[in-house]
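Here is a short briefing on one protein structure. Keep the sequence and the 3D view open as you read.

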Amino acid sequence: DVSGGPNGLAASGGHLYGNTSTSAFALDESTGRVLWERRLTSAREPIDIAPVVANGLVYTSSVGMRPDGKGKLFALDARTGRTVWSFGTIKGAWADPAEASGGGAWWSPTVDSQGRVYVGTSNPLPWGGSASHPNGGAYAGPALYTDSLLVLAGTTGRLLWYDQVTPHDVRDYDFALPPILATVGGNQLVIGGGKGGRVIAWNRSSHREVWSTAVGRHLHDTGPLPDRLVSVCPGLLGGVLTPMAYADGRIFVPVVNECMQGSATGYPGFFSTNYAAGRGELVALDAATGRLLWSRPMSSPDFGCATVANDVVFSSTYLGRIDAVAVATGRLLWSANEPAGINACPTVAGNLLLVDAGAEPEGIRTPTPQLVAYRLPG
């Protein structure tokens, strides 16, 4: 019983933690026995996230998907499932609760050594707007805390600081990726990204923005939308859609270049879009300055994350190609093609590269879903 988001499991202390669309649960890792299950939400605000376990707590989130839905962050006792705290990611009431919704987290939060929780939040809805409320009139104003980086005290859920990246978002520009924590040149940074196609670094002590870099294609991506349809880039499934990676002072960014027709009253073609017709790229940025170091084009969207092992970064395309690229230069070292599309993150475990190939894009006539393991050199 899961909804349509990234989802996933977390393992800690011999237990597996996960979610249904409405509840969190814990299983015994060796037997599968249910240790506890805790209902947290309803279908109005489903759970779409893989949980994170740290310091005896399980962190998860709902997202606001239906009218008056407001995504909420939760911390549960890892041993019992008791709710320790919750934090509403929408500040105040919607201008029109019969139409507006949003907030919450699509991807897992990040917890630092002091127990602080860093999380990126999702957009308000409806995209663009509606005939009765064009350009997001149903969520008038900035719509805090959508499209934001939030930093919370891990044990209490108290908001420590935040920055809203896209106030009053009418383009579905979730700032949703798991934040990356890195110490670069003596500076402690938190680095985030999202569907607006922008990667941003903040100083964790001063909370000030250090740099902001646009990646991928951008067109009609700021300000109000016009009444007529225009090509919006990034589109609803463009920008930086899946997690980035960090190594050796570099941020590796999987980019989707997929534009979409939108206007002040909505995006009518979203559900008929051929996602395989888009393009992608894998980008490396200097983590200290945000400067572009290299960019490698990809023949279809990169929905597969960036994964680093030693001096190689792995990523994939929606049409099933896996690339292994040198972190320093972006040079292609190795590639392989799978018999199904890829919209999951490559994983490195020991000397194995594990790849889920299970998507069914229009560009693959008879996809064969499977889990593939490649042995990496020692």
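The points below cover disulfides, sheets and a pocket.

This is a predicted model. The structure holds two disulfides. Two open sheets of four strands are described here, one in the order S1-S2-S3-S4 and one in the order S20-S21-S23-S24. The second largest pocket comes last, with a volume of about 380 Å³.

**Disulfide Cys233 to Cys259**

- Cys233 and Cys259 form a disulfide, with 2.0 Å between their sulfur atoms.
- Cys233 sits in the loop between strand S19 (230-232) and strand S20 (245-247), and Cys259 sits in the loop between strand S21 (250-257) and strand S22 (260-262), so the bond ties together parts that are 26 residues apart in sequence.
- The torsion about the S-S bond of Cys233 and Cys259 is about 110°, so this disulfide is right-handed.
- Is Cys233 buried or exposed? Cys233 counts as buried because its relative accessibility is 1%, and the cut-off for buried is under 20%.
- Cys259 has a relative accessible area of 23%, so Cys259 is partly exposed.

**Disulfide Cys305 to Cys345**

- A disulfide also joins Cys305 to Cys345, with an S to S distance of 1.8 Å.
- This pair links distant parts of the chain, 40 residues apart.
- Cys305 lies in the loop between strand S24 (292-298) and strand S25 (307-309).
- Cys345 lies in the loop between strand S28 (332-337) and strand S29 (347-349).
- Cys305 is buried, with a relative accessible area of 1%.
- Cys345 is partly exposed, with a relative accessible area of 29%.
- What pattern do the disulfides follow when bonded cysteines are counted along the chain? The pattern is 1-2, 3-4.

**The sheet S1-S2-S3-S4**

- Strands of a sheet pair through backbone hydrogen bonds, and the pairing is either parallel or antiparallel.
- In this open sheet of four strands, the pairing is antiparallel.
- Which strands stand at the edges? They are strand S1 (10-12) and strand S4 (34-39).
- Each of these edge strands has a single partner strand, so one side of each is left without a neighbour in the sheet.
- From one strand to the next, the twist averages 15°.
- Strand S2 (residues 15-19) pairs with strand S3 (residues 23-28) in the antiparallel sense, over five bridges.
- Find Leu16: this residue stands opposite Leu27 in S3.

**The sheet S20-S21-S23-S24**

- This open sheet has four strands, and the pairing is antiparallel.
- S20 and S24 are the edge strands, and each pairs on one side only.
- Neighbouring strands here are turned against each other by 20° on average, direction ignored.
- How many bridges join strand S23 (residues 279-286) and S24? There are six bridges, and the two strands pair in the antiparallel sense.
- Leu282 stands opposite Arg296 in S24.
- S24 also leads into the loop that holds Cys305, between strand S24 (292-298) and strand S25 (307-309).

**The second largest pocket**

- The second largest pocket is lined by 22 residues.
- Val165, Thr166, Tyr173, Asp221 and Thr222 are the lining residues that lie nearest its centre.
- By class, the lining has seven nonpolar, nine polar and six charged residues.

Definitions and conventions. Residues are numbered from 1 along each chain as its sequence is written. This is a predicted model: local features need pLDDT of at least 70, side-chain atom pairs count only at pLDDT 80 or more; totals for chains, interfaces and linings use all residues. Side-chain values use heavy atoms; hydrogens and water are left out. On a 1 Å grid over the protein atoms alone, a cavity is a set of points where a 1.4 Å probe fits but cannot get out, and a pocket is an open set with protein on both sides within 12 Å along at least five of seven lines; lining residues have an atom within 4 Å of a point. Grid points are joined across faces, edges and corners, and a volume is the space filled by probe spheres set on the points. Ala, Val, Leu, Ile, Met, Phe, Trp, Tyr, Cys and Pro count as nonpolar, Asp, Glu, Lys and Arg as charged, and the others, Gly among them, as polar. A disulfide is a pair of cysteine sulfur atoms within 2.5 Å. Buried means under 20% relative accessible area, exposed over 50%, partly exposed in between (1.4 Å probe, protein chains only). Two strands pair if DSSP finds at least two bridges between them. Axes are lines fitted to C-alpha atoms, for helices over the stretch in contact, and angles run from 0 to 180 degrees between N-to-C directions.
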